[in-house]
Every structure is written in structure tokens, then in C-alpha cells.
Amino acid sequence: MLAKIINRLNRGDGHSFRSFYSATSFRMWKDLMSHYPNLKADKKRMDHFTSLCVVLYEFLKDISLPNTVELMGLYGRMVINSFMILDTDMNSIGTGIYLASSIVDHSCEPNAVVTFDGKTINIRAIQNMSYLDWNQIRISYIDMMKTPYERQNELLSSYYFLCGCHRCIDGNQVKYVHAATCLNENCEAPVEITWNENCQLVLRPETEGSTQNGVSNGIKNGDFQKQNGGCDEEEIDNDEFVHCKECGTKYTEKHVEAFIKIMEFTKQHLKNMEGSSVAYVDVCNYCLDRHEGVLHPLNVMHAQTLDHAFEAHVQMQLWEKACVYAERLIPCFRFYHGDKNPLLGLLYLKYGKILLYKMDLEKAVAQLKLAEKIIKTTHGESHPLYREQLVPLLQQAMAEAD
């Protein structure tokens, strides 16, 4: 991509090209932030930049290249402002620079979403707004089904700012991410148990200063307080302190040890499954069996395992178990991604398609209608996902149900 950028900038209109995001407002290449000081201090990216320069000098040896400082500025603008281009299943198929769209900042509680129709980017609001103000539009730059600490770390390392949005620092959200389930079957409250002394759940901002795209978000990089929540570094010596704060049910040493072992076991298997195309059906089933009655249904590791399990069973065409996991995964997606996220809409769509295949028509119609409500908002009625996939399936399900 860097070679394409250099080629475009060397053309007549490269530096003067304007990409409009409203009738009168636009972005140019020079408006993008390069984060030059951050790049210089980022060893991983500097190593990547160095190796990229070697390839560029070989690939573009007949073309006059910018000097190293200018080249690093181009590289910084590219890696910070590029978008992952997604297919209809929300899988990454490439990256691209979209000048106008780069005006939009991040929030873990976004009021808009990004979707693609081929290489065309669409930013669509998922909340009602009295008027359009691009300074108030927020999208999520990252996968939301992680702990706040993991999200904040990813944003710090990739975009050089610390997110301090309400969702990241809200204790009511944080308490679920590594929670145990209450031993009282009639209580659904999360129970926090220390399972890893070095684990952190959130970084709390202290002072003002850091910016996204030139706009302050009230946080300086590095100015934060550690909060560990369910991974508190303070050791619990007496098991009687481990109890449900809602109903008071106490945990024995045996229950605490079982929770710790399962969390460690699950963490290792999630690491093994990350980025793999292999369908880990048996591993997922084994993990989820061990989670039963131990991990809270909204525990992030449980949710991630459910996600792997659902996709693995779909890949292997094991429809019965896929339906079971879809039912359990839906509340997790709603909790971590929100009620109007494209990933939740796709989950409803996939689940409805499986139910239609199984001729469970009433439930299929219900799931596909839920998918329609979301995808109509996130993608629009003209998008191929809505027009060519969802609508025909819903029509078929309704016709056969009648």
C-alpha cells in the first residue's frame, strides 16, 4: 500500500486531492496524523518500517523516493489511518486509506458502524441524532469482545491513545469480564475471584491531554491508574472473603481452585485457537463442558470460546450443537458488541439460516427478523447482504411457515 501512496502523491493531484465528508468539509493527505514521535519509540513498528524500506527501495528503484523522515511520515499516516476492508461476513480482505472517513474517532460505545460494499466504505449511524455532527460520530476501531484492559492496550499500541470511555471504566461492565457464576442457582450476579495476580482488567485515566485526530479525549498516554477488578493483585488468604455480593453465597477453597484452573486452561486454549482456520470442535466442547456452573455466562473467555465453538460447528456442519451455542452466544454478543452491531446481525442471520435448513420455521423467521432489524440499520436496504442474502431467506422462511 505504501508504494501506491507514494505513486499517488507523486501524481499531480496527490497532495491537493480533497475528500469531502460534507458539502463544505473535506480531508487531505496532509490532514492525517503521522504520530512521528510515537513511531520512533515503537520498536515493533520501526522494525517493520525498516524491512519495508528495503523492499520499497528494491521495488521502486527507478522512482525517486522521499527521504527517510518523509517516508516515515507516510508510513505513520498509513498504519494509523487505514481501514480493514471487510467482506459480507465481516472478515478482513484487505486494507485501504479513506481520507474523509478518517475524521471519525473511536469509542467502545460507538454511535455508528463501518461496513463495506466491495471497496466502498459506508459509515452508518446506529443511534438517533438530532443533527449530523462529524465531530460527535464514533466508531469502534477494534474487536469489542475483550476485557477493557485488552482493548485499551490494543488502542495504545496501534493508535497511540488510551481510551477512557464510559464502557472501559464502568465498574458494572468490568465486573463481568472475568467473573465466576454464583453457586446459588437462583442468583445471576457475577462473582469476582482472584485467579491471576498479574492480570489487569482496566487502566483508569487520571489527567487530560491525549487526542484522536486532533480532538482531545481528555487522556494523556501513560497517565492512568491500574484497576484489577477480578484479578486484584491483593491475595485472598481466607476463602470466606470469596462470596457473591448479591446473595452472600460463599465459595470454598475447592470452588476457588476449580475456577482458577479453568480460567488458566481456557486462556491457553484460546491462545492456541487464535487466528487459526482449524475447527477446534473437540477442544471447544471440552472447554465449555468445564465452564458449566463455574464461569459466568458473560465471562469474556467463556464468550470467546462460545464464538469459536459456534464457528467450528458451522464449519463442520454440526447443526444441532451449532444451534445450542448460537443461543448461548447471542447474550454475549449483545453485552460486548451492543444491540445494533453488524456482528450480532450476522449471528442472527447465520442462526436463522441453520434453523431454516432444519425446518424449524417459526424460530427461523424470528431469528431472521431480528437479523433484518439490525442489518437494515447497519448496512442499509441496498447492501448485497441485505438484498441478496437476508431478504430471500426471510421470504423463504415466511412462505414455508405459512
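In this predicted model, S19 has a relative accessibility of 16% and therefore counts as buried, the limit being under 20%. The residue belongs to strand β1, which comprises residues 19-20. Leaving aside residues up to four places away in sequence, S19 is in contact with S25, F26, R27, L99 and A100. With A100 there is also a polar approach: a polar atom of the S19 side chain lies 3.3 Å from the backbone nitrogen of A100.

A100 also serves as a reference point for L32. These two residues are 68 positions apart along the chain, and their C-alpha atoms are separated by 10.0 Å. L32 is found in the loop that runs between β2 (26-27) and α2 (36-40). Although it is a loop residue, L32 has a relative accessible area of 3% and is buried. Its contacts, again without residues up to four places away in sequence, are R27, R77, N81, I97, L99 and S102. R27 and L99 thus touch L32, and both also appear among the contacts of S19.

The loop between β2 and α2 also holds H35. This residue is buried, at a relative accessible area of 13%. Its backbone is notable for a positive phi, near 50 degrees, in a residue other than glycine.

Two of the residues that L32 touches, R77 and N81, lead to helix α4, where they are among the buried residues. The helix spans residues 68-81, 14 residues in length, and its first and last C-alpha atoms are 20 Å apart, close to the 20 Å expected at 1.5 Å a residue. At its start, a side-chain oxygen of N67 comes to within 3.1 Å of the backbone nitrogen of V69. Because 11 of its 14 residues are buried, α4 is largely enclosed by the rest of the structure. The buried set includes L71, M72, G73, L74 and Y75, together with V79 and I80. What do these buried residues pack against? Their partners are the helices α1 (2-10), α2, α3 (43-59) and α5 (148-159), and the strands β3 (82-86) and β4 (92-97).

The two strands in that list form a hairpin, with five residues between them. Within its turn, M90 has a positive phi of about 65 degrees. The pairing of β3 with β4 is antiparallel and extends over five bridges. One bridge joins F83 to G96 in β4. F83 also takes part in an aromatic cluster, in which ring pairs link it with Y98 and F116. The structure as a whole holds 11 aromatic pairs.

A second hairpin is formed by β6 (112-117) and β7 (residues 120-125), which pair in the antiparallel sense over six bridges. Here two residues lie between the strands, and G118 in the turn has a positive phi of about 70 degrees. V114 has I123 of β7 as its bridge partner.

Strand β6 is also one of the elements against which the buried residues of helix α12 pack. The others are α10 (300-315), α11 (319-337), α13 (361-378) and α14 (384-401). Helix α12 itself consists of 16 residues, 342-357, and reaches 22 Å from its first C-alpha to its last, close to the 22 Å expected at 1.5 Å a residue. Why is this helix described as largely enclosed by the rest of the structure? The reason is that 12 of its 16 residues are buried. Among them are P342, G345, Y348, Y351 and G352, as well as the aliphatic residues L344, L346, L347, L349, I354, L355 and L356.

Both ends of α12 have a local feature to note. At the start, a side-chain oxygen of N341 reaches to within 2.8 Å of the backbone nitrogen of L343. After the helix comes M359, with a positive phi near 65 degrees. M359 is not a glycine, and its place is in the loop between α12 and α13.

Two arginines, finally, are positioned over aromatic rings. The charged end of R167 sits over the ring of F335, 5.8 Å from the ring centre. R290 lies over the face of F265, where the distance to the ring centre is 4.5 Å.

Key:
Residues are numbered from 1 along each chain as its sequence is written. This is a predicted model: local features need pLDDT of at least 70, side-chain atom pairs count only at pLDDT 80 or more; totals for chains, interfaces and linings use all residues. Side-chain values use heavy atoms; hydrogens and water are left out. Rings of Phe, Tyr and Trp (its six-membered ring) pair if their centres lie within 6.5 Å; planes under 30 degrees apart count as stacked, over 60 as edge-to-face and the rest as tilted. A charge sits over a ring if NZ of Lys or CZ of Arg is within 6 Å of the ring centre and within 35 degrees of the ring normal. Helices (H or I, at least four residues) and strands (E, at least two) are DSSP runs, numbered from the N terminus. The expected span of a helix is 1.5 Å times one less than its number of residues. Buried means under 20% relative accessible area, exposed over 50%, partly exposed in between (1.4 Å probe, protein chains only). Contact means heavy atoms within 4.5 Å. A polar contact is a pair of N or O atoms within 3.5 Å; within protein, one must be able to donate a hydrogen and the other to accept it, and residues adjacent in sequence count only if both atoms are side-chain atoms. Two strands pair if DSSP finds at least two bridges between them.
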